[in-house]
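Please examine the chain shown below before reading on. The report that follows describes how parts of the chain are arranged with respect to one another.

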Amino acid sequence: MKYNFGFFGKKTNLVFYSILWILGSCTSAPPPSENTNYPPPDNSAKEKPTLLKDTTPVLDTTHWYVYLTFDDGPQPGTANCIQICKEEGIKASFFMVGLHADRWRAGKLLVDSIRQAYPQFVLANHSYSHANNHYRYFYQHPHVALADFEQAEQVVRPNFRIARLPGNNAWGIEHKEKSHHLVAAVLHKMDSIGYDVIGWDQEWNFRHTNSRPVLVPDSLVARTMHLLREGKTRIPRHLVLLSHDRMFSRPADSASLQRYIFLLKQQPDIVFQTIDQYPGVSKTPLITAHTF
Ligand SMILES: [Zn+2]
């Protein structure tokens, strides 16, 4: 059975993630040595930027790009999403809510682990309050919305200025907007401070009574491949899938996520990518002043 590991061969993939795990676990400096003949310092830790550079894909027309995105974390289910993506050796993006991180100490640690797992994962901004679920008011007051995203930035510290609007499938990339007129002013403000706003091509819907997925993974994969093959995505050959962390808190449902990934891997030329690699995304870093 052939597995597709994206741009990495299977062995390269294992080595790559082994290096990442090693780098991630090295939290203390080596003990000082007075031996002047000490061998040249091991610069492996300095290779991390090179690793990041190497992950930049060459986008071509022979692959199908799938961007798994998980919204509203940290929530119950976030840890399962992290674990499954690591087990499967795939990339994914997490759009996180500042309020959820502030209210859940363990959740904040999950946020930190996602940020530090770049480039396997990308941590992105999904607002602080999630508009308190009063979307119309939120979008009718763009200065309130912008301040809300900036507040979230202080809490979750996303890898880049990449965001998703709460409760609205809007796109704002390369200063071009594709959205409902209600959110246009917010998109404009986000763009003015360097944010790219990401919508979605396909949603894995859930039951609002219990947050459980509606579609079984086999049906979802069929729909994913149909959208890709028919060019029914914002950019042909690139599909952004929206799901929510809380959909995968139960073992049976996290198994569905794993099966969806497994089935997609059986499809030829599928590449899982993070949202910073989506065409046109500018990967604007946070302004230093905002991190103090
Ligand atoms: Zn949301």
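## Helix 3 and helix 5

In this predicted model, three residues of helix 3, namely T78, A79 and I82, meet G107, L110, S113 and I114 of helix 5. Two packed helices are described by the angle between their axes and the distance between the axes. For helix 3 and helix 5 (residues 105-116), the axes are 10 Å apart and the packing angle is about 25°. Angles under 35 degrees count as roughly parallel, and helix 3 and helix 5 are therefore roughly parallel to each other. The crossing in which helix 3 passes helix 5 is left-handed.

## The surroundings of helix 3

Which residues in helix 3 are buried? They are T78, A79, N80, C81, I82, I84 and C85. An α-helix has 3.6 residues a turn, so residues three or four places apart point the same way. The buried residues of helix 3 pack against strand 1, strand 2, helix 5 and helix 10. After helix 3 comes G89, which has a positive phi, near 65°.

One residue of helix 10 (residues 251-266) is A255. A255 and I84 are 171 residues apart in sequence, yet their C-alpha atoms are 8.8 Å apart in space. Is A255 buried or partly exposed? A residue counts as buried if 20 or more other C-beta atoms lie within 10 Å of its own, and as exposed if 12 or fewer do. A255 has 15 C-beta neighbours inside 10 Å and therefore counts as partly exposed.

## Strand 1 and its partners

Strand 1 (residues 64-73) is mostly covered, since ten of its ten residues are buried. Strand 1 pairs with strand 10 (residues 270-272) in the parallel sense, over three bridges. Within this pairing, V66 has F272 in strand 10 as its bridge partner. Strand 1 also runs parallel to strand 9 (residues 238-244), and seven bridges join the two. Here V66 stands opposite L239, while the bridge partner of D71 is H244.

A further parallel pairing joins strand 1 to strand 2 (residues 92-96) over four bridges. In strand 2, S93 stands opposite T69. Between strand 1 and strand 2 the chain passes through helix 3 (residues 78-88), and this β-α-β crossover is right-handed.

## Strand 9 and strand 8

How many residues of strand 9 are buried? The count is seven of its seven residues, and strand 9 is accordingly described as mostly covered. Both faces of strand 9 are covered. On one side, H238, V240, L242 and H244 are buried; on the other side, L239, L241 and S243 are buried.

Strand 9 is also joined to strand 8 (residues 202-203) by two bridges, and these strands run parallel. E203 has L242 in strand 9 as its bridge partner. Together with helix 9 (residues 217-229), strand 8 and strand 9 make a right-handed β-α-β unit.

## Helix 7 and helix 8

A second pair of packed helices is formed by helix 7 (residues 142-156) and helix 8 (residues 184-192), whose axes come within 9 Å and cross at roughly 45°. Are these helices roughly parallel or oblique to each other? At this angle, helix 7 and helix 8 are therefore oblique to each other. Their crossing is right-handed. In helix 7, P142, A145, L146 and F149 meet A185, V186, K189 and M190 of helix 8.

## The segment after strand 10

T284 lies in the segment after strand 10. T284 has 13 C-beta neighbours inside 10 Å and therefore counts as partly exposed. Setting aside neighbours within four places in sequence, T284 is in contact with F160, R161 and G194. T284 and I193 are 91 residues apart in sequence, with a C-alpha to C-alpha distance of 9.3 Å.

## The chain as a whole

The secondary structure of the chain comes to ten helices and ten strands. The chain has 292 residues, of which 38% count as buried. Among contacts between residues at least 6 apart in sequence, 78% join residues at least 24 apart.

How values were computed
Residues are numbered from 1 along each chain as its sequence is written. This is a predicted model: local features need pLDDT of at least 70, side-chain atom pairs count only at pLDDT 80 or more; totals for chains, interfaces and linings use all residues. Two strands pair if DSSP finds at least two bridges between them. A crossover is right-handed if, with the strands pointing away from the viewer, the path from the first strand over the helix to the second runs clockwise. Axes are lines fitted to C-alpha atoms, for helices over the stretch in contact, and angles run from 0 to 180 degrees between N-to-C directions. Angles under 35 degrees count as roughly parallel, over 145 as roughly antiparallel, 65 to 115 as roughly perpendicular and the rest as oblique. A crossing is left-handed if the near helix is turned anticlockwise from the far one by less than a right angle, and right-handed if clockwise. Two residues are in contact if their C-beta atoms, placed from the backbone, lie within 7 Å.
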